[in-house]
Every structure is written in C-alpha cells, then in structure tokens.
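Biologist: I'd like to go through this model with you and hear the reasoning behind the labels. Can you put it up so we can both look?

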Amino acid sequence: MDEMDEVRALVRGVREHLAWLERGGVTGVPRRKGLVPAARAVVSAPVVSAPVVSAPVVSAPVVEAAAPPRIVRADGHGREGLRVIREDLGECFRCNLAPTRKNIVFGVGSPDASLVFIGEGPGMDEDRTGEPFVGKAGQLLDKMIVAMGLLREEVYICNIVKCHPPGPGTSPNRAPEPDEIEACEPFLQRQLAAIRPRLLVALGGVAAKALLHTTAGIMALRGQWKSYQGVPLMPTFHPAYLLRSPDKKRDAWSDLQMVMAEMDRLGLPRRSTPAR
Ligand code: SF4
C-alpha cells in the first residue's frame, strides 16, 4: 500500500465513522461532499517521517518545602534575642497576676551571662521599680554575687513569674500559684535559651520546687546539683529568708562555693577577687 492508498483508507474510515454517528442519532455531523477538514489536512500535508528521538530520562526537580520563617535573632548565632521575648510578652494578661501588678519584672543583667539566678517572683519594691531583687533582699543578693567574684551586671537575675503576687490581708507577698507559674514559665525558658547560661542558681524553696517539679523542701534540695532544661542548677536559700535567718548564711555560702568551684572547673571567668 502506497501513501495515497493510506490516505484513501483514512478518508473511508472517517466517512464510515460519520455514518455510524448519524445512525446512532447524533446530530450536527458535518455532511459535506469531499473530505472533512481533518482528512483534507491529512491529505494536503506532506508526509514527513518524524525522526525517532529517544527522550532522555530526566528526574523531576526536587522542590524544597518552603523553610519556616526565622524568628528575629539578636546575636547572629541562631539565638532568639531577649528583646524579642520581651516584645512577645507585651502587656501580658496570661495569668491573674496581671490586674494588680504595677510593672512586669522581666529580668536584668548580661544577655551572655554564664550564671543565672532565679527567684520566685517580684516583691513590692520590684513591682514598683520593674527590676528584680532591688529591696533589702536584693542588696544581700548583690553582696553574695560580689563575694563570688562577680558583679550584678555580669550575671542575669529573674524570677519564675514576672508579676508581683500580692499577699492576702496585710501580707505583702504570697507564693505564685501553679497556674501562674505555668503561664509564665515558657518565657523564662525562652530567656534561658537566649542567654544559654552554663549554671543556674534557684533562690528559695518556691523557685526550686517549681523548676524541679518536686514537693521536696529547700532544706532537702540545697547544696546538691540538679538540672533544669539541661543546665546544672544549684538550689539555695532565698536572700529574704537569709535576712530572717542569718544563721543559714553559712549554708548558703557553702552552696555558692560549689557554684564557684564549678565555674572555675568550666573555665568561666570571675573577674573580681572572690571573698575569702
Ligand atoms: S506573671 Fe507572667 S504570665 Fe502572669 S501576667 Fe505576669 S508576665 Fe504574664
């Protein structure tokens, strides 16, 4: 069969197909003498054998999933900045300490501190000033820090809750409730992730119990290394307790000496001359 025979067979097939459609009741089928347009095109087109080209096997490009937006960083090393965390906290109303507070007490000190002190919550002086540990207890803490061979500016100081828990009746303070700690603790954890301290000190039983999720008292916890968020933590007495019970200062100093020894072992600088 030559090329014209093939075309005639094609046209014959098209006509038979059209007739079959009409017998089946299909309307609108073009009835023109001669070839239908498609067949005419086939007839008029030069017969050119297409070259057989083997298509190369190409793997579909791998489309990477869009990376999640990066949190604004402060130090260029992938750490979230304290300023961003403070902005996220905003005028916080996440727990019922908000209505009675005067100031959120976020924290103070070096954003690169190797040592962080964590208390239980702001007192009245801290609520008034917005800075942690500024009253008499704060002055004693400053002395303890200097005795360790450090300065207040070289460490970081914060609390497990950032708003003052007002005491019942005439009592100025109370311990924060579990739901208040739960609401505020994520911000403490973000602060620690930003600072990346090597060592922590929990000041007082309330802070130690909250951080360690234990019911054990400070007498049982103090003087032993624990861990919070993977960071070694030393529980010791709260400075306010030491003001009321000065006989416990010797034990507190013993705890801090363990912290100093660990700092020295880790090669962490203590610029001031420690007290003897
Ligand atoms: S204590 Fe913490 S969670 Fe509660 S209102 Fe203050 S900042 Fe917010």
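Biologist: What makes you say that the charged end of arginine 101 sits over a ring, and which ring is it?

Modeller: First, keep in mind that this is a predicted model. The ring belongs to phenylalanine 93, and the charged end of arginine 101 is 5.3 Å from its centre. The cut-off asks for CZ of Arg within 6 Å of the ring centre and within 35 degrees of the ring normal, so a charge that meets both counts as sitting over the ring. Arginine 101 is listed as doing just that.

Biologist: Now the sheet. What is the order of the 6 strands in the open sheet?

Modeller: The order is S1-S3-S2-S4-S6-S5.

Biologist: And why are S1 and strand S5 (226-228) said to stand at the edges?

Modeller: Each has a single partner strand, so one side of S1 and one side of S5 is left without a neighbour in the sheet.

Biologist: How do you know that strand S1 (residues 108-109) really pairs with S3?

Modeller: Count the bridges. At least two are needed for a pair, and 2 bridges join S1 to S3. That meets the cut-off, and the two strands run antiparallel. One contact to look for is glycine 109, whose bridge partner in S3 is tyrosine 156.

Biologist: What makes the pairing in this sheet mixed?

Modeller: Strands can pair in either sense, parallel or antiparallel. S1 and S3 run antiparallel, while strand S2 (residues 115-119) and S3 pair in the parallel sense over 4 bridges. You can follow that second pairing through isoleucine 118, which has cysteine 158 as its partner in S3, and through glycine 119, which has asparagine 159. S2 and S4 run parallel too, joined by 4 bridges, with leucine 115 opposite leucine 199 in S4.

Biologist: Which way do S4 and strand S6 (residues 231-236) run, and which residues are partners there?

Modeller: S4 and S6 run parallel, with 4 bridges between them. Valine 201 has methionine 234 as its bridge partner in S6, and leucine 203 has threonine 236.

Biologist: What joins S5 to S6?

Modeller: 3 bridges, and here the strands run antiparallel. Tyrosine 228 is bridged to valine 231 in S6. S5 and S6 form a hairpin with 2 residues between them, and glutamine 229 in the turn has a positive phi of about 55°.

Biologist: Why is strand S4 (residues 199-203) called largely enclosed?

Modeller: Buried means under 20% relative accessible area. In S4, 5 of the 5 residues are buried, so the rest of the structure largely encloses this strand. Both faces are covered: Leu199, Val201 and Leu203 are on one side, with Leu200 and Ala202 on the other.

Biologist: How many residues of S6 are buried?

Modeller: 5 of the 6, so S6 is largely enclosed by the rest of the structure as well. As for strand S3 (residues 156-159), Tyr156 and Cys158 point one way, Ile157 and Asn159 point the other way, and all are buried.

Biologist: Proline 186 is in helix H6. Is proline 186 buried, exposed or partly exposed, and why?

Modeller: The buried class stops under 20% and the exposed class starts over 50%. Proline 186 has 37% relative accessibility, so the label is partly exposed. Proline 186 is also 9.5 Å from isoleucine 160, C-alpha to C-alpha, though they are 26 residues apart in sequence.

Biologist: How many cavities are counted, and what lines the largest cavity?

Modeller: The count is 1 cavity of 30 Å³ or more, and the volume of the largest cavity is about 100 Å³. Its lining has 15 residues, with Cys92, Arg94, Cys95, Cys163 and Cys184 nearest the centre. Helix H6 (residues 178-195) gives the largest share, 4 residues. By class, the lining has 11 nonpolar, no polar and 4 charged residues.

Biologist: And what is the volume of the largest pocket?

Modeller: About 590 Å³. The largest pocket is lined by 29 residues, and Glu120, Asn173, His238, Ala240 and Arg244 are the closest to its centre. H9 gives the most to that lining, with 4 residues. The classes come to 14 nonpolar, 9 polar and 6 charged.

Notes: Residues are numbered from 1 along each chain as its sequence is written. This is a predicted model: local features need pLDDT of at least 70, side-chain atom pairs count only at pLDDT 80 or more; totals for chains, interfaces and linings use all residues. Side-chain values use heavy atoms; hydrogens and water are left out. On a 1 Å grid over the protein atoms alone, a cavity is a set of points where a 1.4 Å probe fits but cannot get out, and a pocket is an open set with protein on both sides within 12 Å along at least five of seven lines; lining residues have an atom within 4 Å of a point. Grid points are joined across faces, edges and corners, and a volume is the space filled by probe spheres set on the points. Ala, Val, Leu, Ile, Met, Phe, Trp, Tyr, Cys and Pro count as nonpolar, Asp, Glu, Lys and Arg as charged, and the others, Gly among them, as polar. Buried means under 20% relative accessible area, exposed over 50%, partly exposed in between (1.4 Å probe, protein chains only).
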